[in-house]
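User: I am new to this structure and would like to see how its descriptive terms are justified. Please show the structure and then take my questions.

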Amino acid sequence: MISRLLELFLAYEEDPNVKLVILKGKGRAFCAGGDVAALVRDIRGDDWRAGAKFFLKEFTLNYLMAAYSKPQVSILNGIVMGGGAGASVHGRFRVATENSVFAMPETALGLFPDVGASYFLSRLPGFFGEYVGLTGSRLDGAEMLACGLATHFVPSAKLAMLEAALCIVDSSDPVIISSIIDQYCEQPSLKEQSVYKRLDVIDRCFSQKTVEEIISALERELVHKMDVWISTTIQTLKKASPTSLKISLRSIREGRLQGVGQCLVREYRMVCHVMRGEVSKDFFEGCRAILLDKDKNPKWEPSKLELVTDSRVDRYFSKMNTEEWEDLKLPTRSKHKLPLYAIAKL
Amino acid sequence: MKEKKNEEEHPSFSMDRAFQRTKILTNHLLQSSPSSPAQIPSLSSNACLDYSPPELSEGYAFDIKEMRQLLDGHHVADRDWLFGMMMQSKLFNPRVRGGKVFVSPDYNQSMEQQREMTWKRIVYLLERGVFKGWLTEKGEEAEMRKFAYFEAVGLFDHSIAIKLGVHFFLWGGAIQFFGTKHHHDKWLRDTENYLIKGCFAMTELGHGSNVRGIETVTTYDSNTGEFVINTPCESAQKYWIGGAANHATHTIVFSQLNINGTNQGVHAFIAQIRDAVGNVCPNIRIADCGHKIGLNGVDNGRIWFDNVRVPRENLLNSVADVSADGKYLSSIKDPDQRFAAFLAPLTAGRVNIAVSAVYQSKVGLAIAIRYALTRRAFSVKPNEPEVLLLDYPSHQRRLVPLLAKTYAMSFAANYLKMLYVKRTPQSNKTIHVVSSSFKAVFTWNNMQILQECREACGGQGLKTENRVGHLKGEHDVQSTFEGDNNILMQQVSKALFAEYVAAQKKNKAFKGLGLEHMNKPCPVIPSQLTSATLRCSQFQMDALCLRERDLLKCFVLDVSQHQAKGESKEHAFIMSYQLAEDLSRAFSDRAIFQKFVEAEATLAAGSLKDVLGMLRSLYALICIEDVAFLRYGYLSVDNAAAVRREITKVCSELRPHALALVSSFGIPDAFLSPVAFNWIDANSWSSVQH
């Protein structure tokens, strides 16, 4: 499907009749992410390069979307997870609905938020990106709009009309397209228990330098009064792969200072290390426990945060020292004038 | 019409000049009429010129991460953590320009608002643990981390750096260095947590660099066991005291100590100037220094002491004490040495200022060079695209040597930091001389670099949001505070003089301050300098050593000739000021160059080393281009011309690396400015509407 999307996006860019691209899901989800289980089966056949090849295409698509010369409108009427986030958040317009559920659940799987997440998560307000990326917390449509992951909120009942209106637009001007979506837009209110109302705690704790310090900052918050949300957050972090948490935090932190292209190149290095499994096999263990055997009891290795040393983390960010491996080569985008929003959108 | 429309879509196709002008004018006309709203949305896509990010056309011939590690030297990830901390907070005034976020204080705020914001930012960083261990943790790692954080914060704003510098390095440093255990126990932790806010009252209206001449007087009252601090006259009012005007609760007071009618010289005391809620204490008068040409986020104030009484233990007594019954006690009998011991903490300030100046130069150059890689002006031939600024050799000649200078300063600054962190009583003299020299030279260089960068950005450089121009006002003060640059450079020459006289008297070899080359035979400059010679580090070192050696001899001779006429040594120094200036410059250039050579030597052969080699040559050649080489005859006129020619060659060879060299500074985009990125979008009509 990624290959097909790549072909289509490249073709649409050249086609003067195409003014914008609408991307939506078929069925209940927008996109629940890549087929990780299939990937793991492939790699178990001892071919991590097959996995790498998959990510190479996916990240290339992410970059193409980020630097696309025509507006992409993603209709996020359902689940948006992992790869689904990568296929939408990089585009110009993201329309959330009351059915939207967003999450980057990779740390529970022994992976890390990829598909350019280190770029878009790091640009969310304060340290909300660290929170979303490390805990895999689920966000609803109102929260997505509040934090900027979505640009608009349209009730699902109005989607058909929105689509019809977009289909007859004869312009690629984002200002015009935005004003059309605005006509169907509503301002949702955050639910009482929304995590987005806890930004002060999130900023205090998730701004800490290391994962260990984040957890102890959360625990300090509990000293004075009990708080279910904070203790659940701590539990979630303690269940996630320690290696994943550390490389994810570092990835988001580095991503904050990098362009989207640099982020994808770095994430590609990281994901190749994960697929190859030389530093840690947590990804395979996570997939086994969550997706295949479904015992929900992964045995991480290293099992504790303090055992994941800086030098272990460093290895994920280094080039692969193996033959025939190359850094991700991003397609040149100089031919088309880069739109304003290609550089930063959030 | 149809054909013309096609050409508009493909501006690279041939297009005659008249048509292009018509098109530009049409666009101007259309854009200047906001009365037709239907036109407005389409304007941003209708720019006459395309902005093309320099990354698309410029490659990196070396690993910029590796280069950054070499330049920053230490705690790179910690710096980035702090950059992120600042970027993610509304307090740091993030603004979107041209699709990118930039953080920088709002300098259009009033002085009082800027001070309040500076203080809020400090509280934010405090709450997130940035200052943890700044005064209570010891050791090399802690000190270097403190340096790294201080440098990163200083990239955001000079005011916040100075507020921190006064509180931690001057107030806190004075307690650490002049105080003894009970002072440390009482004050350091509270200072680190900002339970108290410190300032440092040394300078007076009538005395700045000449601290020994200050007029504030303190006496001891043995009946109550208190010191009595007094400002006897208007010229004794404390002046420029950072933190005094609004925030500080406590101050270090420098004062003459008069015990039973005997003046024991300058001593330091702790005095409270405000209570916990901010009211000025009795017998203290405070006034504002007013609006300044920069640093308006710092509340500089003036203080008068009206017989303020402080307990006996408030004398910082590491070198001298007064007993309860009023006897003066000091382990250092020589008042000169006692005074020198007092001034030691100022070295930390000088190290910080020198390093900070280098980082400001990096900001200026990163902005000016990125702009020069995206801005075009004039076509060489009709119908040709306009030429990129940095492709003009004259523009290269303006900016690339400054890049070489900044690299040289970076390596020298890293050395200075290490020298300071590894200090021993034996290295005090070296630290004093090197920090004085580097502080003066780096801050002067920085002002020159910022001015050139401002001009290289043209009118855009004048906008405060573009930073380069504004930074000049913010950092001008660096050539004055913590020792006036001219005075510091005189001290360098005097120290070299003393080394020379001592070596002659004891008939011993030179050792230290990099003067060992004086023990060797005098280097000889070839009569005809070839390109290969000019790029040889041995020749470069020889040339710089030759100048230093000769000027030192000349200076000593000149001073002794004055003395032979019966003048005092002090008067002789004053009269020989021209040689003194040239000598201190020669020392500094050579010392900085030496650190460049040493940094280069640590690298394995490769593209990184090659580029650094070119920068090293360029730095040496611009030093050798200095008029002193002709003035004193170290270079023939022909050789001086050869040096000049070679400089233009190296500049053009470094041109392809310009982007990589400024990217290696590791300054996040958000800490540069809109003119360094898509300056067309940053100025588009749609950006006005937002």
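Analyst: The answers that follow concern a predicted model, and each sets a value against the cut-off behind a term.

User: How many salt bridges does the structure hold, and what makes the contact between Asp80(B) and Arg68(B) one of them?

Analyst: Over all chains, the structure holds 62 salt bridges. The closest N and O atoms of Asp80(B) and Arg68(B) are 2.9 Å apart. A salt bridge requires a side-chain nitrogen of Lys or Arg within 4 Å of a carboxyl oxygen of Asp or Glu, so the pair qualifies. Asp80(B) belongs to helix H5 (residues 76–87) of chain B and Arg68(B) to helix H4 (residues 64–72) of chain B, so the pair ties together parts that are 12 residues apart in sequence. Both residues also belong to a network of salt bridges, whose members include Asp72(B), Arg79(B), Glu151(B) and Lys417(B).

User: Why is Arg68(B) called buried?

Analyst: The relative accessible area of Arg68(B) is 11%. Buried means under 20%, so the term applies to Arg68(B).

User: How do you know that Arg655(B) and Asp391(B) form a salt bridge, and where do the two residues lie?

Analyst: Their closest N and O atoms are 2.9 Å apart, and the cut-off is 4 Å. The pair therefore meets the criterion for a salt bridge. Arg655(B) is in the loop between helix H22 (637–654) and helix H23 (658–663) of chain B, while Asp391(B) is in the loop between strand S15 (387–388) and helix H12 (393–421) of chain B. The two are 264 residues apart, and the pair links distant parts of the chain.

User: Which of the terms buried and partly exposed applies to Arg655(B), and which to Asp391(B)?

Analyst: Arg655(B) has 10% relative accessibility and counts as buried, because buried means under 20%. Asp391(B), with a relative accessible area of 38%, is partly exposed, because that term covers values between the limits for buried and exposed, under 20% and over 50%.

User: What makes Arg535(B) and Glu646(B) a salt bridge, and are these residues buried or partly exposed?

Analyst: Their side chains meet at 2.7 Å, N to O, and the limit is 4 Å, so the contact counts as a salt bridge. Arg535(B) is in the loop between H16 and helix H17 (537–564) of chain B, and Glu646(B) is in helix H22 of chain B, 111 residues apart. Arg535(B) is partly exposed at 23% relative accessibility, whereas Glu646(B) is buried at 4%.

User: How do you know that Cys31(A) is in no disulfide?

Analyst: The structure holds zero disulfides over all chains. For Cys31(A), the nearest cysteine sulfur is that of Cys287(A), 16 Å away. A disulfide needs two cysteine sulfur atoms within 2.5 Å, so this pair does not qualify. Cys31(A) has 18% relative accessibility and counts as buried, because the term means under 20%.

User: What can be said of Cys545(B) in the matter of disulfides, and is Cys545(B) buried or exposed?

Analyst: The sulfur of Cys522(B) is the nearest cysteine sulfur, at 9.8 Å, and Cys545(B) is in no disulfide. The limit for a disulfide is 2.5 Å, so the pair fails the criterion. Cys545(B) is buried, with a relative accessible area of 7%.

User: Why is Lys508(B) called exposed, and in which patch does Lys508(B) gather?

Analyst: Lys508(B) has a relative accessible area of 56%. Exposed means over 50%, so the term fits Lys508(B). On the surface, Lys508(B) gathers with Lys505(B), Lys506(B), Lys511(B) and Lys569(B) in a patch of positive charge. The place of Lys508(B) is in the loop between helix H15 (485–505) and helix H16 (531–534) of chain B.

User: What makes the backbone at Lys296(A) and Asn307(B) worth noting?

Analyst: Most residues other than glycine have a negative phi. Lys296(A), which is not a glycine, has a positive phi of about 50°. Lys296(A) is in the loop between H15 and H16 of chain A and counts as exposed at 59% relative accessibility. Phi of Asn307(B) is also positive, near 50°. Asn307(B) is in the loop between S10 and strand S11 (308–311) of chain B and is partly exposed, with a relative accessible area of 44%.

User: Which kind of peptide bond joins Glu301(A) and Pro302(A)?

Analyst: A cis peptide bond joins them, with omega about -5°. Most peptide bonds are trans. Pro302(A) is in the loop between H15 and helix H16 (310–316) of chain A.

Technical notes
Residues numbered from 1 in each chain as written. Chains lettered and ligands numbered in written order. Predicted model: local features only at pLDDT ≥ 70, side-chain atom pairs only at ≥ 80, totals over all residues. Heavy atoms only, no water. Patch = residues over 30% accessible without salt bridge, like charges linked within 9 Å, V, L, I, M, F, W, Y side chains within 5 Å. Areas by Shrake-Rupley, 256 points an atom, 1.4 Å probe, with all protein chains shown as cover. Lys, Arg positive; Asp, Glu negative; His and termini not counted. Charge placed at Lys NZ, Arg CZ, Asp CG, Glu CD. Helix = DSSP H or I, 4+ residues; strand = E, 2+ residues; numbered from the N terminus. Buried < 20%, exposed > 50% of the residue type's maximum accessible area, 1.4 Å probe, protein only.
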